[in-house]
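User: Please take a close look at the charged side chains of this protein, above all at how they pair up, and set what you find against the chain as a whole.

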Amino acid sequence: MPLNDDQSSDSDSSRLSESTASSSDSECSRQSFNSDSSSKPSSPASSPPKTVTFDELMAAARNLTDLTLAHEIAVNANFCIKHEDLPQNSFAGTVKQIVHKAFWDHLESELNEDPPEYEHAIKLFKEIKEILLSFLTPGANRIRNQICEVLDTDLIRQQAEHNAVDIHGLANYVINTMGKLCAPVRDDDIKQLKATDNIVELLRQIFHVLDLMKMDMANYMIQNLRPYLQRNLVDYERSKFQEILEETPSALDLTTEWIKESIEDELSSVSDESSSPPGADRCSKPIISPVLVLNNSYLKLLQWDYRKTIPETLITDEARLQELREKLNQLKIIACVCLITNNMVGAAIVNVPDFADQLKRISVPLLEGMNKKTCDLKEALNAIGVQICNKLNTSLTERGLPTLNAEMQSNLMGQIAHIVEENNPISSLIDKRIQFFMRSLLALPSFQKGMPTMPGGLAVIQTEMESVGSQYASIVNFNKQVYGPFYANILKKLLFPVTPTGKAETETPTN
């Protein structure tokens with residue numbers, strides 16, 4: 001993957017991207033969006049409509065694969081390649097098992113012939129030699145020459161013709177060489193190879209361990225590549241996406257619609273909340289802050305239906321954003337449960353220390369997997385209601401107070417069960433407060449220096465909210481750095497469309 005060592009800033013496109021990367025609305029001047037910076041070399045180039053060929057589509061797909069892989073390596077410290085066998089009861093697993101068994105059975109029958117037939121075994125040793133050589137660094141000339149000399153297929157073939165080839169000796173040399181090249185985690189595998197006598201089984205196991213060693217080598221390269229990618233990721237992702245855009249001009253269509261929806265929402269909000277002052281030009285449109293529009297677009301991702309395609313510029317973080325949305329859904333329900341309980345029986349638990357945390361400990365296990373199709377959320381909420389009533393009655397009994405009557409328990413359990421209903425007032429209230437916190441977080445110049453004040457009703461989930469908020473803000477801020485110039489061009493076209501006279505439409509500032 002071609003990476004660029006030059007970490008110089010995109011000064012040519014800074015005026016357009018400044019409004020998307022800044023948290024201050026004051027930096028979003030109308031002049032910066034009306035300035036003609038799209039002609040500068042570092043600005044995202046726009047392409048005229050054209051027919052995309054199959055080769056261009058495949059080139060764009062390869063670029064997207066490279067971009068996604070580089071992004072995952074850089075931002076996910078736990079990313080690695082894992083060895084996974086196909087399930088034996090699956091169709092693919094069954095086919096693989098049959099084909100492999102047929103191959104090794106055929107090899108065994110050839111070696112048991114009189115005289116033995118070595119041609120397939122020689123091909124295997126040739127493949128083993130190539131794999132061993134692939135593990136070597138450029139300066140390892142001595143062991144490279146030794147491998148080529150011992151596993152010289154022409155020499156082995158000549159020995160086979162005279163029935164003088166030592167298959168076990170070659171296999172032992174391969175095992176010893178693997179022991180020198182493998183990671184310490186494979187030492188036990190090497191010992192097992194040395195204890196195997198059957199030559200066919202030994203060759204089969206050698207290839208299995210070599211596959212594991214290839215995986216180890218790939219993960220080692222990923223580990224070494226990660227710091228470099230982290231230093232150069234912004235420039236690399238932006239250049240890769242520009243290549244995708246040149247191959248497929250429609251690569252920003254979903255992103256444009258995503259931003260356009262936020263503009264329409266903001267225009268609707270402005271028209272509902274304010275009216276034109278006397279004498280004002282009613283034909284003019286209000287000026288909307290590009291930063292506000294973009295931040296509202298990002299907020300939509302926390303309620304996104306991930307069965308739909310996500311905007312193109314966020315594909316690399318789709319799984320992380322979906323995970324955050326699911327976590328927030330769980331936290332919202334926990335906050336609702338605590339708020340309902342406190343409103344209904346607050347007087348009974350006012351003197352119980354950490355009772356809210358006890359409610360959270362009851363709710364969390366029962367809400368695990370709540371976003372899966374197999375989860376019956378209504379049933380989980382009923383179970384939470386029952387356990388909370390039992391917990392309350394136990395606490396009241398221990399303090400010599402009367403327990404909750406049947407009507408009170410029924411009301412409490414009913415309100416908890418109704419949390420998931422559409423337009424539930426408690427759920428809507430908590431959702432608005434979560435959105436307010438996330439919006440305040442995006443407006444901060446630097447979230448690492450401090451978090452916004454936690455809105456009322458969210459104190460019980462404050463630690464989890466700050467953790468989710470930190471992850472969310474990191475994704476958003478990095479995304480702005482990479483795709484800021486692309487967003488700026490989209491916002492410029494949508495917010496300040498050029499009239500036939502060549503001038504931007506007149507707009508009225510809004511507070």
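Analyst: A salt bridge is taken here as a side-chain nitrogen of Lys or Arg within 4 Å of a carboxyl oxygen of Asp or Glu. With that criterion, a search of the whole structure, which is a predicted model, returns 13 salt bridges.

One of these pairs is formed by arginine 186 and aspartate 216, whose closest N and O atoms are 2.7 Å apart. The pair ties together distant parts of the chain, since arginine 186 sits in the loop between helix 8 (167-181) and helix 9 (187-194), whereas aspartate 216 belongs to helix 10 (residues 199-247), with the two positions 30 residues apart in the numbering. Arginine 186 and aspartate 216 are both buried.

Helix 10 also holds a pair of another kind, in which the side chains of lysine 214 and aspartate 211 meet in a salt bridge with an N to O distance of 3.5 Å. Because lysine 214 and aspartate 211 are three residues apart in helix 10, about one helical turn separates them. Lysine 214 has a relative accessible area of 37% and is therefore partly exposed, and aspartate 211, at 37% relative accessibility, likewise counts as partly exposed.

A further salt bridge joins arginine 307 to aspartate 305, with 3.0 Å between the closest N and O atoms. Arginine 307 counts as exposed because its relative accessibility is 75%, while aspartate 305, with a relative accessible area of 29%, is partly exposed. Elsewhere, Glu119, Asp154 and Arg157 are joined into one network by salt bridges that share partners.

Glutamate 110, a residue of helix 4, is a charged side chain without such a partner. Glutamate 110 is buried yet has no salt bridge, and the nearest side chain of opposite charge, that of lysine 123, lies 8.5 Å away. If its neighbours within four places in sequence are set aside, glutamate 110 is in contact with Pro116, Glu117 and His120.

Helix 4, which spans residues 91-111, also contains valine 99. Together with Phe91 and Val95, Val99 makes a nonpolar surface patch of about 320 Å². Valine 99 is assigned as partly exposed because its relative accessibility comes to 49%.

Charge without salt bridges also appears at the surface, where Asp253, Glu257, Glu261 and Glu264 form a negative patch. Of these residues, glutamate 257 is placed in helix 11 (residues 253-273), and glutamate 257 counts as partly exposed because its relative accessibility is 42%.

As for the chain as a whole, its secondary structure amounts to 18 helices and two strands. Of the 511 residues in the chain, 41% are buried, and the accessible surface of about 28100 Å² belongs to carbon and sulfur atoms to the extent of 51%. Among contacts in the chain with a separation of 6 or more, 75% are between residues 24 or more positions apart. The link between arginine 186 and aspartate 216, 30 residues apart, is one salt bridge that joins distant parts of the chain.

Note on methods
Residues are numbered from 1 along each chain as its sequence is written. This is a predicted model: local features need pLDDT of at least 70, side-chain atom pairs count only at pLDDT 80 or more; totals for chains, interfaces and linings use all residues. Side-chain values use heavy atoms; hydrogens and water are left out. Patches are made of residues with over 30% relative accessible area and no salt bridge: like charges are joined within 9 Å, nonpolar side chains (Val, Leu, Ile, Met, Phe, Trp, Tyr) within 5 Å. Accessible areas come from the Shrake-Rupley method with a 1.4 Å probe; for residues, only the protein chains shown count as cover. Lys and Arg count as positive and Asp and Glu as negative; His and the chain ends are not counted. The place of a charge is taken as NZ of Lys, CZ of Arg, CG of Asp or CD of Glu. Helices (H or I, at least four residues) and strands (E, at least two) are DSSP runs, numbered from the N terminus. Buried means under 20% relative accessible area, exposed over 50%, partly exposed in between (1.4 Å probe, protein chains only). Contact means heavy atoms within 4.5 Å.
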